Amino acid sequence: MATTATTHNTHNNETNNDVEHVEMTPVSKQQHAHLHAHNHLGLSGEPPHLSRTASQLLRSASKTLTKTNFDDASSAFRGGATSASATTSKRAAVDAPSLPAHAARRPSKVARRSPRGAPTLTGVLSELPTEILDAVATHLTAEDLGRLTCTCRYFATSSLVERASRELVSRNANAHVAALQPAKGETWLRLLWFQSSCERSSVATRHVSLGSYHTLATIRAPLPSCRVVDDDSDRSDVGDDDEDEAERLELTRSETGTSSRLNVQTAKDGEQMICAFGRGFHGQLGRGGYERSLVPAPIALSSADEFLEGLRSLDVVEESAEDRELGLTAPTTQTRGAALSAGSVTVVCGASHSAAILPSGKLFTWGLASSGELGHGGWTPIELAVPRRVGSLGSLRVSVVAAGSNHTLAVATDGSLWSCGRGRHGQLGHGAWHDAGPFARVEGLSHRSVRTAGAGAAHSLALCEDGAVYGWGANAHGESGLPDTSALYAWPTRIPALPADVSLLSCGSRHSMVMTFSGALYAFGRGRHGALGLGDDQDALAPRLVPLLAEEEHTNAEVAAVAFRVAAAAGRRSAGAAQLTAATCASAHRSSAQVPARCVSVACGGAHTVAVIARGSGLEVRSTGANAYGQLGLGDTNNRHFLCRVQGVVPLAVAAGDGHTAALCADGSLYTWGRNDWGQLGLGDSRGRRRPCRVGKW
C-alpha cells in the first residue's frame with residue numbers, strides 16, 4: 001500500500017525542544033515507532049544518514065559505562081537491574097535523551113530476539129531497532145567500540161560490535177586494495193583498531209625526523225628549557241623555564257667580520273613550533289647559527305618571514321565542553337605531539353640538511369647545500385642556516401618530501417615527482433649522472449600519479465597510487481630492489497615481486513623496507529649487522545618477507561633445546577625426550593600464533609631498522625640491526641638479526657637516524673635513544689642512551 005508523508009515542527013512540552021514529527025497514512029505501530037525514533041535521533045534520508053546526535057547517544061552510553069564498575073554499569077543498559085545499581089540506572093537514564101512514549105509501545109528487535117538468559121538492553125537504547133543501533137555503531141571509532149565491548153555485557157556477547165567493525169573495515173577498501181580479512185585468532189574489532197593505528201601513525205610520522213646527527217620535531221609551546229652549546233665549548237648553562245611562552249633567545253655570530261643578530265622563533269602557549277637539536281655545523285638546525293643544541297630549541301626565523309606567517313596561520317580547533325564530556329573530538333581537533341592535525345607542519349631530515357612543508361604546501365629547506373640538495377638553484381650559499389622557501393617549484397603545492405644523504409625528493413599534490421641534489425649515482429631519476437641545483441621533474445614517472453617517496457644514501461624509491469613501487473640509483477646491495485646489482489639505474493624502474501597493496505616505504509643508507517595495507521613487511525638491500533631482520537647478515541637482492549615475531553620463535557626453539565637437554569640428563573634420551581621436545585615446540589608455536597602481528601609503521605636508519613608492531617590490542621616497538629651506540633634500545637650494544645621488542649615505550653610512530661632512534665607516543669611524549677655525541681637525543685647532555693628516555697617536557 002502506497003504511503004505519503006508530510007513533516008512539520010511542533011513544540012514538545014516535556015522536553016522544551018523542537019522535535020520533528022511525522023504524519024502518515026495508516027502503518028503498523030512498529031513502523032511508526034521506528035520512524036519516530038529515526039526522526040528523534042536526527043536521522044533523515046533513505047538509507048538513513050546519521051547525525052552527530054546519534055553518535056553522541058552511544059558515545060555517552062560508553063562513557064557512562066566506563067565510569068562505573070562492570071555490574072552497575074551493565075545493569076543500567078540491560079535487564080535485571082538490582083537495587084544496588086538503581087542509582088546508576090537513574091543516572092544513565094538522565095544522561096541519555098529519552099524517546100517519546102509512543103515510540104516504546106513494542107519491544108525492540110534487540111530485546112525480542114535475545115536468547116533466553118542472554119543480556120538484553122532496556123531503557124533508551126532498547127527503544128532503538130537493530131538496524132539503527134548498527135548504523136550508530138558504524139560512526140564510532142575502534143576505541144569507542146572497544147569500550148562498549150569491555151564494559152557492557154550485551155555488547156560483549158552480541159555481534160553488533162563485530163558487524164560494525166566489519167563494515168568500517170570494508171569501507172577502507174578501494175580499487176587497488178582489497179578489503180582486509182581477520183587472521184586466525186583475530187577479530188574484526190582488532191582489525192579495525194589496526195587500521196586506525198596505521199592512520200594515526202602516518203600522521204604522527206610527519207612530526208618527527210632524524211638525520212645523521214640532528215633531530216627535528218614539531219611541538220606546541222611552551223618548550224623545554226634551552227641549552228645552546230658552541231662547538232668550541234664543552235658546556236653552557238641551562239636556561240630557566242618559562243610557563244607562559246617559549247623562551248626568546250638571541251644568537252650572535254660573526255659574518256664577514258660583522259656581528260649580526262638573529263631572532264629565534266617564539267610562540268605563545270599552544271602554538272605549534274618546529275624544534276631542532278643536535279649538530280648544527282652546517283646550519284641544519286635552522287637557528288641562524290652553526291652551534292649545536294643539546295635540548296629542543298626553536299628554529300630561527302630571520303629572513304624567513306613567510307615561514308613565520310605560515311606557522312602562525314595554523315588553525316587550532318578547540319574542543320567544546322560538550323565534546324570533552326562525551327569524549328568526542330572533531331576531525332581537526334588536536335592535542336600536543338602526535339595528535340597534530342593534517343593541517344600542521346611536516347618536517348624531514350637529510351644527512352646534514354632539513355626541510356619542512358607548511359599546510360599551504362610551501363616547501364622550505366635549510367642546511368648543507370654543497371650538491372644542490374636544498375633545491376633553490378641559482379646562486380645559493382654552500383650552507384643556509386635559516387629556512388628559505390624553495391622557489392624552483394613555482395606555485396606547486398608539496399604534499400610529501402623525502403631527504404637522503406645529499407639529495408631531496410618532493411611529491412606535489414598533483415602526483416608529480418621532483419628531485420634535486422647529488423645525482424652521480426642516478427638517484428635523481430633524470431637519466432643523467434650529474435648534480436642538479438633546482439628541483440626538476442622526474443619525467444620517467446610523468447605518466448603515473450606518485451603517492452609518496454623515499455630517499456637513502458644514494459638510491460630512491462617512489463610509491464604510486466596504484467600500489468606500484470619504483471626504484472632507481474645505487475643498487476650494489478639491492479637497495480633499489482632491482483635485479484642487476486652491477487648497474488646504476490638513472491631512470492625509475494618498477495620493482496618486481498612486490499604485492500599490489502603497498503602502503504608505506506622507508507629508505508635507510510643502503511637498505512629499504514616497504515609495508516602493505518595488511519601489515520606485512522618486506523625488506524631488501526644491505527643486510528650487514530642484521531639490518532633487514534631476516535636472521536642473517538646477507539644482502540637481499542629482491543624483496544623478502546620479514547618475520548615480525550621471529551624473536552619469540554627463536555626463543556621458543558631455545559626453550560625446546562633446553563627441555564631436550566634436561567630430559568636427556570634425566571636419562572630419558574629416547575622417545576620421552578622427543579615427545580617432550582615436540583610438545584614444547586608445539587605449545588610455544590601455538591601461543592605465538594594465537595596473537596597475530598601486523599606492522600603499523602617502519603623507519604630505516606643507517607644500518608638498523610625500527611618498526612611499530614600491532615599485536616593483540618597493543619602497540620610495541622621492535623628493532624633490529626647495528627647496535628654499536630645502543631640505537632636498538634635493548635639495553636646493550638649487541639647487534640640483532642631479528643626484530644626484538646623494545647621495553648618502556650608505547651609508540652605511535654618511530655623515526656631512525658644514522659645512529660639514534662626516536663618514538664612518538666599517543667600522549668604526545670617523545671622518547672629518544674642511541675648515539676648522542678652531538679646532543680641529537682635532546683636530553684641536555686652528550687651521553688648516549690641504550691634505552692628509551694623521555695625528552696624533557698615533551
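**Exercise 1. Met515 and its burial**

Task: In this predicted model, decide whether Met515 is buried or exposed, and say in which strand Met515 is found.

Solution: Start with the relative accessible area, which is 3% for Met515. The cut-off for buried is under 20%, so Met515 counts as buried. Next, place the residue: Met515 belongs to strand E23. Finally, look along the chain to Asp501, 14 residues away from Met515; the C-alpha atoms of the two are separated by 8.6 Å.

**Exercise 2. The two faces of E23**

Task: Work out which residues of E23 point one way and which the other way, and why the strand is largely enclosed.

Solution: First, the general rule: side chains in a regular strand alternate between the two faces of the sheet. Now apply that to the strand at hand. His511, Met513 and Met515 point one way, while Ser512, Val514 and Thr516 point the other way. Then check burial: all of these residues are buried. With six of the six residues of E23 (residues 511-516) buried, the rest of the structure largely encloses the strand.

**Exercise 3. The partners of E23**

Task: Find how many bridges join E22 to E23, and how many join E23 to E24.

Solution: Take E22 (residues 502-507) to begin with. Five bridges join E22 to E23, and the two run antiparallel. One partner to look up is that of Val502, which is Thr516 in E23. The link between E22 and E23 is a hairpin of three residues.

Now go to E24 (residues 521-525). E23 and E24 are antiparallel too, with five bridges between them. Here His511 has Gly525 in E24 as its bridge partner. The hairpin of E23 and E24 has four residues between the strands, and in this hairpin Gly519 takes a positive phi near 90 degrees.

**Exercise 4. An open sheet**

Task: Give the order of the strands in the open sheet that E26 belongs to, and say which are its edge strands.

Solution: Read the order off as E26-E27-E28-E29, four strands with antiparallel pairing. E26 (597-604) and E29 (640-646) each pair on one side only, which makes them the edge strands. Averaged over the sheet, neighbouring strands are turned by 25 degrees against each other, direction ignored. For a closer look at one pairing, take E27 (residues 608-615) and E28 (residues 618-625): eight bridges hold this antiparallel pair. Val610, for instance, has Ser623 in E28 as its bridge partner.

**Exercise 5. Rings and charges**

Task: Classify the aromatic pair of Tyr154 and Phe155, then say which rings the charged ends of Arg279 and Arg598 sit over.

Solution: A search of the whole structure turns up one aromatic pair. In that pair, Tyr154 and Phe155 lie 5.3 Å apart, centre to centre, with 75 degrees between the planes. Angles over 60 count as edge-to-face, so the pair gets that label. Both Tyr154 and Phe155 are buried.

On to the arginines. The charged end of Arg279 sits over the ring of Trp678, 4.7 Å from its centre. For Arg598 the ring is that of Phe194, and the distance to the ring centre is 5.6 Å.

**Exercise 6. Two packed helices**

Task: Describe how H9 and H10 pack, by angle and by how far their axes are apart.

Solution: H9 (residues 160-171) and H10 (residues 188-204) pack at an angle of about 40 degrees, and their axes are 8 Å apart. That angle makes H9 oblique to H10. As for handedness, H9 passes H10 in a left-handed crossing.

Notes: Residues are numbered from 1 along each chain as its sequence is written. This is a predicted model: local features need pLDDT of at least 70, side-chain atom pairs count only at pLDDT 80 or more; totals for chains, interfaces and linings use all residues. Side-chain values use heavy atoms; hydrogens and water are left out. Buried means under 20% relative accessible area, exposed over 50%, partly exposed in between (1.4 Å probe, protein chains only). Two strands pair if DSSP finds at least two bridges between them. Rings of Phe, Tyr and Trp (its six-membered ring) pair if their centres lie within 6.5 Å; planes under 30 degrees apart count as stacked, over 60 as edge-to-face and the rest as tilted. A charge sits over a ring if NZ of Lys or CZ of Arg is within 6 Å of the ring centre and within 35 degrees of the ring normal. Axes are lines fitted to C-alpha atoms, for helices over the stretch in contact, and angles run from 0 to 180 degrees between N-to-C directions. Angles under 35 degrees count as roughly parallel, over 145 as roughly antiparallel, 65 to 115 as roughly perpendicular and the rest as oblique. A crossing is left-handed if the near helix is turned anticlockwise from the far one by less than a right angle, and right-handed if clockwise.
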